[in-house]
Amino acid sequence: MSWEEILTWVGVGVAVLFALVGAYLVLSSRQSSRGRGAHRARPSRDAFRSGEGEGAPPPKQVAVIVNPTKFEDMGEVRRRLAAGCEEHGWAEPLVLETTEHDVGFGQTREAVEREVDLVCALGGDGTVRAVAQELVGTEVPLGLLPGGTGNLLARNLEIPVDSIEQALEVALTGRNRHVDAAWMTLDPADLELEEHAGEGSSAGERTHAFFVMAGLGLDAAIMDSTSEQLKNRIGWGAYVPAGFKHFLRDRFKVTLGVDDAPPETKRARMVVIGNCGKITGGIDLMPDAEPDDGLLDIIVLAPRGIGQWVSVAGRVITKSDRTTSHLSRYRATRARVSVDEPQQVQVDGDIIGEARKLACEVQPRALIVRVPEGRKGAADDE
């Protein structure tokens, strides 16, 4: 091979070497550029909440279901809600007002269909019950804002009840707590619960959710005869006159069956079935009840006169769990009640009619509620 041929091959080899080195450098540069992009700092949580930062998702939105009869100036209520949402980086709230013919069921369904991130109830215990019933089984959390005289579910979950702003802050920034839903069916043909159903279906006409307490007899009669105007003026004290009016009403015969235990028959003045323990006035009627324990707490009250009423009051105040002939306690996942004559029935303070038979059962951890950070029962939730 001549020197000219040797030099030619060396030149070709050098050219190929330079081409390979160049290609390597280009590829390295591109990989380095990708690496820098992959390790770019993640936007802060505040940027996500406020919608700031490149590519950040839109701010979250809350729907507030409001009973307008509880407020004199709905414009002011809307401004307060909007200001609270803006302070925490949420979008303008979707405010839906209840009506005489729809106390919150349809409005809640509309809010869920519009894919809001949170639904708050702002009204009395009836508004809370309607909103909560529609949220059972969904992944949409419930926020509780004070608007009535009772606010019983909020009190049992230690949510602020004296300030809309404080309660809204809990709803927007608090933790999720899964609580139980209880279902009551009026006059079921065979004392078996129908399939859970919401407002507007055939089963839903007789099946109602409750989240604090339901009962028949004396407590329902008291609630039915308590003036709404008096409740608005003096709060829970409005129940006192009605209580004095009815506390010595005639007892009735009741047969109670819990889970698979044999039914018991006795005389009673009222039967109360609870998902929570605290009632109006901060009284801890069922001290063992927890809203997420998967159990119903049941009491049968049967005092015969003033003396036994005093005894019952003492046992409630001291949180005694002892069962006697005039105050019996039970815990179960299902309860069946029948009485010898129709009795008024209430669920979370709403009178839903009269019945001679009831069937109740618990649906464990079926509702998500926003509660303050660090509250009891929230440790295992998000």
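I began with Glu 373 and found that its side chain forms a salt bridge with Arg 175, the closest N and O atoms being 3.7 Å apart. I then looked up where the two partners sit: Glu 373 is in the segment after β14 (350-371) and Arg 175 is in strand β5 (residues 175-186), so that the pair, 198 residues apart, links distant parts of the chain. Because its relative accessibility is 52% and the exposed class starts over 50%, I entered Glu 373 as exposed. I note here that the model is predicted.

Next I turned to Asp 340 and Arg 267, whose side chains meet in a salt bridge at 3.9 Å, N to O. Since Asp 340 belongs to strand β13 (residues 334-347) and Arg 267 to strand β9 (residues 264-268), I recorded the pair as tying together parts that are 73 residues apart in sequence. I listed Asp 340 as partly exposed, at 33% relative accessibility, and Arg 267 also as partly exposed, at 38%.

My third entry is the salt bridge between the side chains of Arg 331 and Asp 297, at 3.0 Å, N to O. Arg 331 lies in strand β12 (residues 327-332) and Asp 297 in strand β11 (residues 296-301), so this pair ties together parts that are 34 residues apart in sequence. For burial I wrote down Arg 331 as partly exposed, with a relative accessible area of 39%, whereas Asp 297 counts as buried at 6% relative accessibility. I also traced salt bridges with shared partners, which join Asp 293, Asp 297 and Arg 331 into one network.

Finally, I searched the whole structure and noted 13 salt bridges.

Note on methods:
Residues numbered from 1 in each chain as written. Predicted model: local features only at pLDDT ≥ 70, side-chain atom pairs only at ≥ 80, totals over all residues. Heavy atoms only, no water. Salt bridge = Lys/Arg side-chain N within 4 Å of Asp/Glu carboxyl O. Helix = DSSP H or I, 4+ residues; strand = E, 2+ residues; numbered from the N terminus. Buried < 20%, exposed > 50% of the residue type's maximum accessible area, 1.4 Å probe, protein only.
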